Amino acid sequence: AEPPRQQLPWDLKSQQQQILRRSEFLMRLMLELFQYRRQGPQLANALILKKCLKQQIWEVSPVQVRQLPSIGDIIAQKLQAGGLATLDALASGDPRLIEVAC
């Protein structure tokens, strides 16, 4: 099955892309502001939000591995089926099991 974001009609995908482009500008402003004010916790949260928006997936997603570079939806689904969907599970996983899952 296709991931939900790929099942959207063209007009909704277009609106989604517009929102994501605008969010990049807002995130840059937030990061600069929090860095200037030396607000560490807010800066950390803004960095996490920026990463999530860029990857179009939330940090607490059951398929956390999708956040890694070069990991697409298909590989993420295979890793999830193999019980390796979280970053912790992947980091501590047996390389042979990871290879079999992919």
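User: Where does K78 sit?
Analyst: K78 is placed in helix α3. Helices here are DSSP runs of H or I with at least four residues, strands are E runs of at least two, and numbering goes from the N terminus.

User: What should I know about the model itself?
Analyst: This is a predicted model, where local features need pLDDT of at least 70 and side-chain atom pairs count only at pLDDT 80 or more, while totals for chains, interfaces and linings use all residues. Residues are numbered from 1 along each chain as its sequence is written, and side-chain values use heavy atoms, with hydrogens and water left out.

User: Back to K78: what is its exposure class?
Analyst: K78 counts as partly exposed, because its relative accessibility is 37%. The classes are buried for under 20% relative accessible area, exposed for over 50%, and partly exposed in between, using a 1.4 Å probe and protein chains only.

User: How far is K78 from S61?
Analyst: Their C-alpha atoms are separated by 15 Å, with K78 and S61 17 residues apart along the chain.

User: And G72, where is that?
Analyst: G72 belongs to the loop between α2 and α3. It is partly exposed, with a relative accessible area of 28%. Between the C-alpha atoms of G72 and L87 there are 15 Å, and the two residues are 15 residues apart along the chain.

User: Which residue in that α2-α3 loop has a positive phi without being a glycine?
Analyst: S70 has a phi of about 70° and is not a glycine. S70 is in the loop between α2 and α3 (73-81). At 78% relative accessibility, S70 counts as exposed. As background, most residues other than glycine have a negative phi.

User: What about R38, what is its phi?
Analyst: The phi of R38 is positive, about 55°, and R38 is not a glycine either. R38 sits in the loop between α1 and α2, and R38 is exposed because its relative accessible area is 75%.

User: Switching to pockets. How big is the second largest one?
Analyst: Its volume is about 180 Å³. A pocket is an open set of points on a 1 Å grid over the protein atoms alone, with protein on both sides within 12 Å along at least five of seven lines; a cavity is a set where a 1.4 Å probe fits but cannot get out, and lining residues have an atom within 4 Å of a point. Grid points are joined across faces, edges and corners, and the volume is the space filled by probe spheres set on the points.

User: Which helix gives the most to the lining of that pocket?
Analyst: α1 does, with seven residues. Both α1 (10-36) and α2 (40-55) supply at least two residues of the lining. Among the lining residues are Q17, R21, E24, M27 and K50.

User: How does the lining split by class?
Analyst: There are three nonpolar, three polar and five charged residues. Nonpolar covers Ala, Val, Leu, Ile, Met, Phe, Trp, Tyr, Cys and Pro, charged covers Asp, Glu, Lys and Arg, and the others, Gly among them, are polar.

User: How many salt bridges are there?
Analyst: The count is one, taking a salt bridge as a side-chain nitrogen of Lys or Arg within 4 Å of a carboxyl oxygen of Asp or Glu. D94 and R96 form it through their side chains, at 3.9 Å from N to O. In general, side chains of opposite charge can pair when their charged atoms come close.

User: Are those two buried or exposed?
Analyst: D94 is partly exposed at 30% relative accessibility. R96 is exposed, with a relative accessible area of 62%.

User: Last one, where is A91?
Analyst: A91 is in helix α4 (residues 87-92). A91 is exposed because its relative accessible area is 69%.
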